[in-house]
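Reader: I would like a close look at a single part of this model, followed outward to whatever surrounds it. Please state the cut-offs behind each term as you go, since I need to know what each word stands for.

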Amino acid sequence: MTPTQQAFLSILRAALHGGEDYPDISADQWPELFRMAQDHKVLPLVFETVHLRLRREVPELAAAVRGQVRNLVILQTLRTAEFLELWRALEEAGVTPLVVKGVVCRQLYPKPDHRPSSDEDVLIPPEQFPLCHEVMTRMGLTTTEPDPDAAWEVPYRREGSPLYIELHKHLFAPESDTFGGLNEFFGDPFRSAAVLEVQGTALRTMHPCDHMTYLIFHAFKHFLYSGFGIRQICDILLFAREYHAQIDWEWVRLSCRSIRAERFAAAVFAIGVRYLGFDPVEPWDTIDVDELPLLEDVLSAGIYGSAGEHRLHSSAITLEAVAAQKQGKAPRSGLAAAAFPAAASLEGRYPWLKERPWLLPAAWGSRILSYLLEPRTPGGSTAALKLGAERRALLKQYGILE
């Protein structure tokens with residue numbers, strides 16, 4: 001890791017535990033450090049920890065970042081208030097939703113609104129979708145999903161508002177060959193729901209054992225795509241600490257083992273122990289794993305692996321390898337996998353594939369064109385192929401690929 005990355009982790013450790021013990025930062029390191037914090041969506045956490053020293057050493061930068069942080073916190077405060085209003089309307093109408101991630105994870109931090117969430121994830125029984133959709137639209141939210149009745153996940157926004165809802169009928173896409181089977185691990189989460197009070201509103205969420213498993217599985221899913229950021233690791237570690245006694249850890253470990261994520265999860269917890277100041281968690285501390293390669297991938301990925309087009313393109317190579325292994329086939333070459341991925345892995349970039357899968361060749365053509373153009377810009381197709389090969393090797397290192 002670079003000195004700035006090491007300083008970033010030290011500051012984040014202090015932020016998570018309410019301390020002030022972090023190394024000296026040189027004037028030329030501060031901009032890069034704040035860029036990393038922004039990429040990983042932890043800028044308010046980092047700034048809150050360093051602002052006194054920053055004001056003394058680099059007052060101009062302190063003033064600029066303070067304004068940015070203030071806006072982020074205000075937006076999050078508004079987003080939370082509007083979400084709680086929507087939640088109450090859903091429950092009054094007879095909807096029985098569960099909230100996952102988002103506001104649940106924010107409550108684990110010293111100052112919840114300093115952990116921004118771009119959206120709130122809400123899980124509902126599929127049969128309640130018509131009623132839920134009626135309430136959402138009555139509350140001024142609209143969706144761009146062309147067929148919300150058929151979609152497993154429906155996004156909603158409100159014009160002129162920071163509120164963004166991802167409404168789930170399932171935790172993972174049921175039609176996905178790679179991830180659809182993960183839904184089976186959660187049984188009926190509505191029957192075992194827990195209650196979390198946020199600003200006087202009682203929110204229903206998954207039982208801590210289910211939620212812990214989901215947080216790991218969700219990070220694992222993004223790891224198989226193009227990567228995930230340090231904030232997801234912080235969420236997992238804080239959740240594990242807060243709800244440790246309510247979690248069946250052996251069940252979580254066996255669940256991770258069954259999807260080849262056991263060593264991945266062990267590396268996540270090892271990062272917490274060795275870099276972020278958390279206590280060891282059984283049974284993960286009994287697994288001998290080198291966490292540094294995962295940490296380096298996480299730090300370079302940004303939030304949800306979105307740091308650069310070449311990283312997003314590389315996801316076709318890793319997903320191709322995972323899908324081929326599940327089917328008992330040999331994976332295609334990196335170039336073939338990157339240029340001609342399956343439709344399911346392209347729906348995020350080309351949403352129209354959900355409705356018109358026969359247009360997959362057009363999506364392939366668009367990707368190939370971007371590959372031809374990218375070498376003229378930093379991080380072109382060669383970088384994507386190289387990163388894809390490196391990340392495929394990383395999956396092998398953690399036992400995900402054979």
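Author: The answer goes from the whole chain to one helix, then to the loops and helices around that helix, and ends with a contact elsewhere.

This is a predicted model, in which local features need pLDDT of at least 70 and side-chain atom pairs count only at pLDDT 80 or more, while totals for chains, interfaces and linings use all residues. Residues are numbered from 1 along each chain as its sequence is written, and side-chain values use heavy atoms, with hydrogens and water left out.

The protein has 15 helices and seven strands, where helices (H or I, at least four residues) and strands (E, at least two) are DSSP runs numbered from the N terminus. Of its 402 residues, 55% count as buried, a word that stands for under 20% relative accessible area, with exposed meaning over 50% and partly exposed what lies in between (1.4 Å probe, protein chains only). The accessible surface comes to about 17700 Å², and 53% of that belongs to carbon and sulfur atoms; these areas come from the Shrake-Rupley method with a 1.4 Å probe, and for residues only the protein chains shown count as cover. Among contacts (heavy atoms within 4.5 Å) with a separation of 6 or more, 66% are between residues 24 or more positions apart.

The part to look at closely is helix 8, residues 230-242, whose 13 residues reach 18 Å from the first C-alpha to the last, close to the 18 Å expected at 1.5 Å a residue; the expected span is 1.5 Å times one less than the number of residues. Eleven of the 13 residues are buried, so helix 8 is largely enclosed by the rest of the structure. The buried residues run from Ile230, Arg231, Gln232, Ile233, Cys234 and Asp235 to Ile236, Leu237, Leu238, Phe239 and Ala240. They pack against helix 1 (3-17), helix 5 (102-106), helix 7, helix 9, helix 10 and helix 11 (292-301).

The loops on either side of this helix offer a contrast. Ser226 sits in the loop between helix 7 and helix 8 and is buried, at a relative accessible area of 5%; its C-alpha is 7.4 Å from that of Ala301, although the two are 75 residues apart in sequence. Ala245, in the loop between helix 8 and helix 9, is exposed, at 79% relative accessible area, and its C-alpha lies 9.4 Å from that of Pro208, 37 residues away in sequence.

Two of the helices that pack against helix 8, namely helix 7 and helix 10, also meet each other. The axes of helix 7 (residues 208-224) and helix 10 (residues 262-275) come within 11 Å and cross at roughly 105°, the axes being lines fitted to C-alpha atoms, for helices over the stretch in contact, with angles from 0 to 180 degrees between N-to-C directions. That makes helix 7 roughly perpendicular to helix 10, given that 65 to 115 degrees counts as roughly perpendicular, under 35 as roughly parallel, over 145 as roughly antiparallel and the rest as oblique. Helix 7 contributes Ile216, Ala219, Phe220 and Phe223 to the contact, and helix 10 contributes Phe264, Ala265 and Phe269. These residues divide into seven nonpolar, no polar and no charged, where Ala, Val, Leu, Ile, Met, Phe, Trp, Tyr, Cys and Pro count as nonpolar, Asp, Glu, Lys and Arg as charged, and the others, Gly among them, as polar.

Helix 9 (residues 249-258) holds Arg253, which is buried at a relative accessible area of 15%. Leaving aside residues up to four places away in sequence, Arg253 touches Glu262, Pro283, Trp284, Thr286 and Ile287. Pro283 belongs to the loop between helix 10 and helix 11, and a cis peptide bond with omega of about 5° joins Glu282 to Pro283. Arg260, in the loop between helix 9 and helix 10, has a positive phi of about 65° although it is not a glycine, and is partly exposed at 34%.

For a contact elsewhere, the axes of helix 2 (residues 30-39) and helix 4 (residues 59-92) come within 12 Å and cross at roughly 10°, which makes helix 2 roughly parallel to helix 4. Here Trp30, Pro31, Phe34 and Gln38 of helix 2 meet Leu61, Val65, Gln68 and Leu72 of helix 4, and this contact divides into six nonpolar, two polar and no charged residues.
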